[in-house]
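This report considers a pocket, a helix, a glutamine and the cysteines of one protein chain. The sequence and structure are shown first.

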Amino acid sequence: MIATETLSLSEIEDLAFRALVKAGTSEENAHPLAVATAVTEADGVASHGLAYIPIYAQHVECGKVDGTAKPVVTQPRPAVVTVDAATGFAHSAIDLGFEKLIPLAREQGVAVLAVNNSYNCGVLGVHTQRLAQAGLLGIGFTNAPASIAPSGGAKPVVGTNPFSISAPDADGNAALLIDQSASTIAKSEVMKHAREGKSVPEGWVLDANGQPTTDPEAGLKGSMVPSGDYKGVGIALTVELMAAAMAGATLGSVASPFSGTAGGPPKTGQFFIAIDPQATSGGLFQDKLTALIDSIRSQDGARLPGDGRKKCREDAAKDGVEVNAALLEKVRALL
């Protein structure tokens with residue numbers, strides 16, 4: 001049995017913050033990343049939570065990410081915001097971008113945010129649900145270093161490239177949250193299995209020769225299996241167009257890895273679209289959303305995207321989060 005320790009969300013946030021600052025991250029950059037780490041743990045996505053803090057710290061120390069970067073925000077068009085993350089953490093750049101994006105979307109009906117020279121933004125849904133909490137429909141894209149080969153090919157050219165959509169309810173909550181990668185499973189899950197010495201289910205990864213494998217190490221040297229075969233490749237390409245091409249960021253095919261110390265800053269990108277539902281729906285958005293959700297909840301056993309995270313969040317707020325004890329020891333060693 002794996003040993004665990006229960007931490008409150010505030011303890012997780014504090015631990016992440018102190019570890020990042022100790023590694024050389026400025027307090028203003030460490031804060032949004034620490035907050036997102038706690039939210040991610042609360043949502044039950046442990047592979048993207050505290051498990052990434054040692055990686056973030058290592059990347060600050062080796063120069064893969066600039067922990068003291070100061071993102072630069074511009075507004076080239078009335079409904080367009082751009083942020084140069086300056087090879088720093090994506091979370092700080094996104095925070096600054098949202099400060100302009102949200103009021104612009106309310107004013108214009110729709111606004112977009114493009115972030116370049118960026119880094120791993122963690123769980124994309126953490127960001128889009130903030131737009132929903134502001135009463136906006138949030139759509140997000142983020143590209144990653146190549147790990148998926150094109151249909152009929154064997155060499156990875158696009159990343160797992162997730163997209164996320166978050167819809168607001170009338171009370172300022174995310175009523176619906178879609179957050180999925182273009183691969184069958186997030187690459188971080190494969191990395192987690194590799195760290196723990198566990199095999200992965202068949203259908204997650206292919207080895208360097210394009211053959212199915214349950215060895216996570218072989219899969220990390222090969223490629224991820226796209227979700228739905230060629231359809232997953234199509235999703236990855238769509239995200240690459242939005243997060244890299246539209247943002248002027250580095251393509252996944254040439255971006256340095258999000259793991260290890262090889263290469264300099266990955267300089268990948270994010271792209272967000274924020275839409276005021278009142279501007280497009282004639283006031284019918286909430287009625288339509290409610291009817292859509294009811295059509296799912298009325299079926300026994302049917303689940304709505306985001307339900308699992310909501311339940312985990314409620315439990316975490318009440319009882320805290322169980323964290324792998326070995327991981328905690330590793331994070332605390334950074335202090």
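A residue counts as buried under 20% relative accessible area, as exposed over 50%, and as partly exposed in between. The model discussed here is predicted.

**Cysteines**

On the scale just given, cysteine 62 is partly exposed because its relative accessibility is 39%. Cysteine 121, by contrast, has a relative accessible area of 2% and is therefore buried. Could a bond form between sulfur atoms, and how many disulfides are there? A disulfide requires a pair of cysteine sulfur atoms within 2.5 Å. The cysteine sulfur closest to that of cysteine 62 belongs to cysteine 121, and at 19 Å it is too far for a bond. For cysteine 121 the closest cysteine sulfur is likewise that of cysteine 62, at 19 Å, again too far for a bond. The count of disulfides is 0.

The table sets out the relative accessibility of three residues.

| Residue | Relative accessibility | Class |
|---|---|---|
| Cysteine 62 | 39% | partly exposed |
| Cysteine 121 | 2% | buried |
| Glutamine 129 | 6% | buried |

**Glutamine 129**

Helix H5, which spans residues 124-133, contains glutamine 129. This glutamine counts as buried because its relative accessibility is 6%. Leaving aside residues up to four places away in sequence, glutamine 129 touches Val39, Asp43, Ser166, Ala174, Leu177 and Arg313.

**Helix H8**

Helix H8 comprises 16 residues, 230-245. From its first C-alpha to its last, H8 reaches 21 Å, close to the 22 Å expected at 1.5 Å a residue. Which residues of H8 are buried? They are Gly232, Val233, Ala236, Val239, Glu240, Met242, Ala243 and Ala244. An α-helix has 3.6 residues a turn, so residues three or four places apart point the same way. The buried residues of H8 pack against four strands: E4 (110-118), E5 (137-142), E6 (163-168) and E11 (268-275).

**The largest pocket**

The volume of the largest pocket is about 740 Å³. Its lining consists of 34 residues, of which His48, Ser181, Ala186, Lys187 and Ser188 are the closest to the pocket centre. Two elements, strand E7 (174-180) and helix H6 (187-195), each give two or more residues to this lining. Helix H6 gives the most, with 4 residues. By character, the lining of the largest pocket divides into 15 nonpolar, 15 polar and 4 charged residues.

Definitions and conventions. Residues numbered from 1 in each chain as written. Predicted model: local features only at pLDDT ≥ 70, side-chain atom pairs only at ≥ 80, totals over all residues. Heavy atoms only, no water. 1 Å grid on protein atoms, 1.4 Å probe; cavity = no way out; pocket = protein on both sides within 12 Å on 5 of 7 lines; lining within 4 Å. Points joined across faces, edges and corners; volume = space filled by probe spheres on them. Nonpolar A, V, L, I, M, F, W, Y, C, P; charged D, E, K, R; others polar. Expected span 1.5 Å × (residues − 1). Buried < 20%, exposed > 50% of the residue type's maximum accessible area, 1.4 Å probe, protein only. Contact = heavy atoms within 4.5 Å.
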